[in-house]
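The exercises that follow ask you to read a protein structure step by step. Try each task with the structure in view before you turn to its solution.

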Amino acid sequence: MIQRPRGTRDVLPPEGRLWQAVEALAHEVFTAFGAEEIRTPMFEATELFVRSVGETTDIVHKEMYTFADRKGRSLTLRPEGTAGVARAWIENRLQDRSHPLRLYYIGPMFRYERMQRGRYRQFAQIGLEILGAEGALADAELLLALYEFLSRLGFADLVVHLNNLGDPEDRPRYLDAIRSTLAPHRRALCSDCQRRLDENPLRVLDCKVDSCQHLAAEVPAVDTIASPASRRHVAEVEAHLEALEIPFVRNPRLVRGLDYYLRTVFEVVSPALGSTAVICGGGRYDRLIADLGGPAVPGTGFAIGEDRLIEVLPAAFRARVLARPRLYLVPLGEGAHRTALALARAWVRAGVALELELAGRSLKAALRRADRDGFRGVAILGEEELAAGVVSLRDLRRGDQQRVAMGDVPGFWHDRCGS
Ligand code: HAM
């Protein structure tokens, strides 16, 4: 039997309803904050990710699905969304539109990761980017939109971990500090980190190997070298969060695993899942678009891992979505088929979620199935009902049954289900 590739998942019923509900809320909340949806390709020129995410990052170095197309061009399945948004911004001259532009996206990303809980090789991200605003207000608004979205899903215990990566001008001093701290322990680092120490020492700090993490703890925290301007920036973000009562902690060890960040960086952690369960990551990237050959446009953004988010969804949200009432329309005998189809059309148009019995079940078998599959009601259409222009509507929650005129069913049903 052919099996799905390692690290991929099938979303099976009824879980698809949770994905729909989460995405519907993302559309609603981010649109309400003035964002527009952007859809970029699922594969891009490999060079885009090398130049934006960074050649020495784990993502580019080990995790990309890279292939040559039939003309020999090197393409890569996108491992993240920000690079594609930046490319689209430049290519479509979005700087000509009024700024800032808030862009959000929902879609699959691909990383060849080692298998472990919550890590997949195809996973979905829900991301939001604000382009063209350099102040702390933009970072605060971004975090506000994120927190609003997560709160409406019912999360109450999430914590924002925040840090200051400083400005690019601060970086050489910091890299020197990492090198001088770690050089004496070079041989105790993993082979990747020995190479990173020469090429991009910052990346040693987010290595997942235990012994490297141990040594990285010796390095001074990155925010200690941050410029006064970047300190003011991040302090202002923190003051906004305090005023909004959005809980956050300063995490001086947070450096993020991608090269394009400066100043504000953050992650959202679910304490229920432990400190490794990062649900969302993001930060500011004011040089990315210019580094890719575009104009100097500042940016700030985040991406939520949708698979992980759904794994830890609050029970109340999950129950509410899965319990959405459905009506089971059961024609008894072929004579009722045509009317049943016409009713299905009319009732669906009136906003009733229903399912038409297709397998010719008897009344008894249909009632058994309705019970097993969690239908709220059964609309029975037998010969007698057909002749009288009614259905017998059995409400499985209340345990009663009434004859309702066919045209009155949507109103009756909405009253019953409170929607
Ligand atoms: P990232 O931290 O690499 O950032 O990914 C964001 C989120 O995607 C993570 O917090 C995690 O929830 C989820 N994620 C990452 N890899 C996997 C995986 N293998 N399986 C399941 N979920 C995963 C970015 O991608 C940046 N582009 C975020 C950003 C947007 N920064 C600025 N704008």
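**Exercise 1. Which residues come nearest to the ligand, and which side chains have polar atoms beside the ligand's own nitrogen or oxygen atoms?**

Solution. Step one is to list the neighbours in this predicted model: the ligand has 27 residues around it, and those that come nearest are Glu80, Glu113, Tyr120, Glu129 and Tyr261.

Step two is to look at individual atoms. The side chain of Glu129 has an N or O atom 2.8 Å from a nitrogen atom of the ligand, and for the side chain of Tyr260 the distance from such an atom to a ligand nitrogen is 3.0 Å. An oxygen atom of the ligand, in turn, lies 3.0 Å from a polar side-chain atom of Gln125.

Step three is to ask how much of the ligand is covered. On its own the ligand has 650 Å² of accessible area, and the protein covers 96% of this area.

**Exercise 2. Which elements give two or more residues to the shell around the ligand, and what classes of residue make up that shell?**

Solution. Begin with the elements: β6 (122-131), β10 (278-284) and β11 (299-305) each give two or more residues to the shell. Of the shell's contributors, β10 provides the largest share, with six residues. Then sort the residues by class, which yields 12 nonpolar, eight polar and seven charged residues.

**Exercise 3. Find the aromatic pairs, and decide whether the pair of Tyr65 and Tyr112 is stacked or edge-to-face.**

Solution. A pair of aromatic rings is described by two quantities, the distance of the centres and the angle of the planes. A search of the whole structure finds eight aromatic pairs. In the pair of Tyr65 and Tyr112, the centres are 5.7 Å apart and the planes stand at 65°. Because planes over 60 degrees apart count as edge-to-face, this pair is edge-to-face.

Next, locate the two residues. Tyr65 lies in the loop between α3 (58-62) and β3 (66-68), while Tyr112 lies in the loop between β5 (101-110) and β6, so that the pair links distant parts of the chain, 47 residues apart. Tyr65 is partly exposed because its relative accessible area of 26% falls between the limits of 20% and 50%, and Tyr112, at 43%, is partly exposed as well.

The pair of Tyr260 and Tyr261 can be treated in the same way: with centres 4.8 Å apart and planes at 65°, this pair is also edge-to-face. Both Tyr260 and Tyr261 are buried.

Finally, look for rings that join in a cluster, and for charges over rings. Phe30, Tyr104, Phe149 and Phe302 form one aromatic cluster. The charged end of Arg326 sits over the ring of Phe375, at 4.5 Å from the ring centre, and the charged end of Arg369 sits over the ring of Tyr328, at 5.0 Å from the centre.

**Exercise 4. Which peptide bonds are cis, and which residues other than glycine have a positive phi?**

Solution. Keep in mind that most residues other than glycine have a negative phi, and that most peptide bonds are trans. Start with omega: the bond from Pro13 to Pro14 is cis, with omega near 0°, and Pro14 belongs to the segment before α1 (15-32). A further cis bond joins His99 and Pro100, with omega about 0°, and Pro100 is found in the loop between α4 (82-91) and β5.

Then turn to phi. Glu245 has a positive phi near 60° and is located in the loop between α9 (228-244) and β8 (248-250). Arg256, with a positive phi of about 65°, is placed in the loop between β8 and β9 (262-269).

**Exercise 5. Are Glu245, Arg256 and Arg263 buried or exposed?**

Solution. Compare each relative accessible area with the limits, under 20% for buried and over 50% for exposed. Glu245 is exposed because its value is 68%, whereas Arg256 counts as buried because its value is 13%. Arg263, which lies in strand β9, is buried because its value is 16%. As a last step, look for a partner of this buried side chain: a polar contact of 2.8 Å joins Arg263 to the side chain of Asp167.

Note on methods: Residues numbered from 1 in each chain as written. Predicted model: local features only at pLDDT ≥ 70, side-chain atom pairs only at ≥ 80, totals over all residues. Heavy atoms only, no water. Near = heavy atom within 4 Å. Polar contact = N/O pair within 3.5 Å; in protein donor to acceptor, adjacent residues only side chain to side chain. Areas by Shrake-Rupley, 256 points an atom, 1.4 Å probe, with all protein chains shown as cover. Helix = DSSP H or I, 4+ residues; strand = E, 2+ residues; numbered from the N terminus. Nonpolar A, V, L, I, M, F, W, Y, C, P; charged D, E, K, R; others polar. Phe/Tyr/Trp six-rings, centres within 6.5 Å; stacked < 30°, edge-to-face > 60°. Buried < 20%, exposed > 50% of the residue type's maximum accessible area, 1.4 Å probe, protein only. Lys NZ or Arg CZ within 6 Å of the ring centre and 35° of its normal.
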